[in-house]
Amino acid sequence: MSEDKKVMFHEMELDDRLLKAISQLGWPHPTLIQETAIPLLLEGKDVLMRARTGSGKTAAFTIPVIQKILNLKNTSAHQCIRALILSPSKELCGQITSVVGHLTLKCAREVRCIDISSNGDMQIQKSLLADKPDIVVSTPSRVLAHLKANNVRLKEDIAMLVVDEADLVFSFGYENEIKELLEHLPKIYQAVLASATLSDDVLSLKKIVLRNPVTLKLEEPELAPSTQLQHYHLFAEEDDKAAILYALLKLNLIRGKTIIFVRTVDRCYKLKLYLEQFKIGSCVLNSELPAAVRCMSVEQFNRGRYQIIVASDEKALEEPDGGMMLEETGKKKQKSKRRKDKESGVSRGIDFQHVSNVINFDFPLDVTAYVHRAGRTARGTSQGSVLSFVSIREKPLMNAVKEHLTKCFNGQKVLQKYSFALDEVEGFRYRSRDAWRAVTRVAVREARLSEIRRELLNCKRLQGYFEENPTDLAALKRDKALHTVRLQPQLAHVPEYLLPAALRTDGPEPEPAAPDAPPAKKKKQQNFGSVKRHKYQARQRDPLKSFAVKAASASPSKT
Ligand SMILES: Nc1ncnc2c1ncn2[C@@H]1O[C@H](COP(=O)(O)OP(=O)(O)OP(=O)(O)O)[C@@H](O)[C@H]1O
């Protein structure tokens, strides 16, 4: 569809209540995939939609699902489950349910949606299903468990089936569940597959689920264009990575919500404990945390309680829906398949909202992982930056990413070098080294243990056990960490002498700016106190575009 002929939501024959909800979400116009898929789905076509991560696929299928239910309700008063939306993990199911919730804000009585993906009580879910909500969101295994237990029947009424993150369905081991599930559906229904890639798995799923589908493979790069998403890299070894991160955060040169990616679960806690020493708060996200905690971390981050989330995309060893699938089916083979899955990082498909920066503290292990990490920012129509720290050992990985991005964007060199004069912030480096070393392996292990302990204490299922065994509860509560990292309140403050010369109140005049640095506003800056001044300076610039502590020595340069 051409740019000049952009279709607007109000031209799509959508119900007024839906249009009002969309306008409340602040979406000015449909994204490309929405513009293309919504009319086809409203026409009743089966659709396979492939569009890049963050391009708005969830609304591309939920808007027509809601609209079709509203249409059906105009012609029939029969209450039944009309749409089944499947997704491979609880987090993703929760996310879809939340989007449906926002879109049905003005018609919540007419269109009811429930999410049964959690491992909650089957009996409670059975009674919720007996109320015949219009939309059911679930993992394949959970809905199949209800079908097998005769808690629900879908044979007569289902009008739409959606499989989101279709490229993950097989790798999460759901192939047989999907096949079995289809036998519980009516002969005729409309089906949609949504995916960020067109892998072999998606093509196999397409054969099983769709009939005469329209395949929407949008001719767009897999990441947002460079006008929306900027990519930077800087070379640094371990100790320096930590010092640079500390300096960037403390000097407010990184602004807005930030996801910091590391390679392992241990490093998640290491970085969290490191930042904590400077009073920089963060929450963690990794595959070791139970799904409910992961959902809570993402929610707290999305609601703004934390500005920083430290995430590891180390492969999960548990099942995406909390091991339930294996308990139910006992299929060892599927478990090993899941373990080998390359793309099952916990952040995959998660809609972290309003993320301004992704920082690759550890460089991702392959191009696909880079794309998934980068796709957590610049979602929808927002702006974002990716800054990757690259050690010598990681350089070949970076070169592969660089080549890939250049190819994706027709020869445009999108991965730019981000120069940083670490010498200018020597004081930061000195403090950082001590703080980094203070986070010993024992401290990391205890942070992990304390997370598990907290989970046990909060676990509803264990409440009965603790009531019967109060001594165990007391022991668990007493069992405090022995080797925590010693917090030094003075580290939270950045004294004047640590600031780069150009940012000090009594510092020398900045040297002439580099050709591509923004013009300095000298007079205004001289009136600020030091802290206020460097904050002001930081706000003047896009940090990842123009970090210039000492303009001449530290300005970004294109490679
Ligand atoms: N029309 C729109 N205008 C502006 N923002 C939008 C629009 N549609 C969706 N968004 C926003 O874009 C973000 C990404 O949407 P969504 O999660 O549906 O992407 P996705 O394509 O499913 O990504 P992934 O493949 O990673 O799951 C969300 O925060 C959503 O609120």
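Domain bounds in this account come from an automatic or database domain assignment. In the predicted model, that assignment divides the protein chain into domain 1 (9-217) and domain 2 (229-315 + 346-439 + 485-497). The shell around the ligand draws on both, with at least three residues from each of domain 1 and domain 2.

The ligand is surrounded by 20 residues, of which Trp27, Gly56, Lys57, Thr58 and Gly380 come nearest. Among the structural elements that build this shell, helix H3 (residues 57-75) supplies the largest share, namely three residues. In terms of residue class, the shell consists of twelve polar, five nonpolar and three charged residues.

The two domains also meet directly. Their C-alpha centres are 33 Å apart, and eleven residues of domain 1 are in contact with 13 residues of domain 2. On the side of domain 1 that touches domain 2, helix H4 (residues 90-103) gives the most, contributing five residues. This side of domain 1 comprises six polar, three charged and two nonpolar residues.

A further detail concerns helix H8 (residues 175-182), in which Glu177, Ile178 and Leu181 are buried. These residues lie on the same side of H8, because they cover an arc of only 100 degrees around the axis. In general, an α-helix has 3.6 residues a turn, so residues three or four places apart point the same way. The cover over the buried residues of H8 includes helix H6 (140-148), helix H7 (166-169) and helix H9 (200-209).

Methods: Residues numbered from 1 in each chain as written. Predicted model: local features only at pLDDT ≥ 70, side-chain atom pairs only at ≥ 80, totals over all residues. Buried ≥ 20, exposed ≤ 12 C-beta atoms within 10 Å, placed from the backbone. Helix = DSSP H or I, 4+ residues; strand = E, 2+ residues; numbered from the N terminus. Arc of directions from axis to C-beta. Contact = placed C-beta atoms within 7 Å. Near = placed C-beta within 6 Å. Nonpolar A, V, L, I, M, F, W, Y, C, P; charged D, E, K, R; others polar.
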